[in-house]
Amino acid sequence: MSNEFQFSRLQDGQKQRYEKLQDVIGMKRDQGGQGGRETWLFVSPHDDDLVIGAGLWMQAAVQAGVDVQVVVVTDGRMGYCTIEQRETIADIRRAETYESFEILGVGRQQVAYIGYPDGALYDLQGRRRHRAATDNVAPRQGHVGLCNEFVYHLRRTRPARVLVPTIADLHPDHQITNNELMISLFHASGAIWPELGEPLRDVPAVYELAIYCDFPQPPQLELRTGDEPFNKKLAGIAAYRSQLQIAQLVENMREAGPFEYLREMNFRFYSPANHKSAFE
Ligand SMILES: [Zn+2]
């Protein structure tokens, strides 16, 4: 393939091919200087989800000059495959995570951790005051909860676009992350909780990626790449070598080929006008 990245958009049964990420996604063209540079926030329930679901999109974004920011929600403490690693796995995985993102062109200063316990996000939905006696997660502005953290990170990074795994995955950490992020987009754009940062001017555009289970509705965007980005994605997955099943996953991904998809979310707000005509 002469061009390393080829983009397609599927709309109303029509396929449209694009050479540039800016065009397929509808980014404003940079009119000289930094004015047109977008920030994209990739939100990951677990450290290895993004390279699996969006390792190619992330490389395309870096190449297009997007400021890529990553937030990893959990600390990976449940990801041990040997008893020896039960106490140290979170540190081991953090080193593997930085190595993996580095391969994709994303430096460690672009990767932030919320550090909430892997597999136990159900207890940290919403936002509440920190309880010093029983909470063993770090408070921010005296509060804990995923809404508290997501609003803070959304206001800190001020993204034009947000990418997150779909709500369709079976893992509760994925479902909870998706759900909490969606409501946090609206909190972050409103005036509430001023100690978490300046409200966003606009609600960012949202894109979902599939990790293990298929998209709940078909995606509209495709990226296919040449060998180089694909090999980097595979190397980025292989970096999680503490996961003993990783070689099999790399093989499966290699077989699936250099293709990734995104589903553009369109929030439909309720108004009686949405349904009025059907009853007339
Ligand atoms: Zn995951």
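Q: In this predicted model, a crossing is called right-handed if the near helix is turned clockwise from the far one by less than a right angle, and left-handed if anticlockwise; which hand does the crossing of helix 6 and helix 7 have?
A: Let's place the pair first: helix 6 covers residues 227-238 and helix 7 covers residues 246-256. Their axes come within 9 Å of each other. As helix 6 passes helix 7, the crossing is right-handed.

Q: Are helix 6 and helix 7 roughly parallel or roughly antiparallel?
A: The two axes cross at roughly 160°. Anything over 145 degrees counts as roughly antiparallel, so helix 6 runs relative to helix 7 roughly antiparallel.

Q: How many charged residues are in the contact of helix 6 with helix 7?
A: Helix 6 brings Leu234, Ile237 and Ala238, while helix 7 brings Ile246, Leu249, Val250, Met253 and Arg254. Sorted by class, that gives seven nonpolar and no polar residues, and the charged count is one.

Q: Asp12 has a positive phi without being a glycine; is Asp12 buried or exposed?
A: Asp12 sits in the loop between strand 1 (5-11) and strand 2 (14-18), for a start. Its phi is near 50°. Since Asp12 has just 4 C-beta neighbours inside 10 Å, and 12 or fewer is the cut-off, Asp12 counts as exposed.

Q: Which exposure class does Arg158 fall into?
A: Arg158 is another non-glycine with positive phi, about 50°, and its loop links helix 4 (146-157) and strand 8 (161-165). Within 10 Å there are 17 other C-beta atoms, so Arg158 is partly exposed.

Methods: Residues numbered from 1 in each chain as written. Predicted model: local features only at pLDDT ≥ 70, side-chain atom pairs only at ≥ 80, totals over all residues. Axes fitted to C-alpha atoms, helices over the stretch in contact; angles between N-to-C directions. Helix = DSSP H or I, 4+ residues; strand = E, 2+ residues; numbered from the N terminus. Parallel < 35°, antiparallel > 145°, perpendicular 65-115°, else oblique. Left-handed = near helix turned anticlockwise from the far one by under 90°. Contact = placed C-beta atoms within 7 Å. Nonpolar A, V, L, I, M, F, W, Y, C, P; charged D, E, K, R; others polar. Buried ≥ 20, exposed ≤ 12 C-beta atoms within 10 Å, placed from the backbone.
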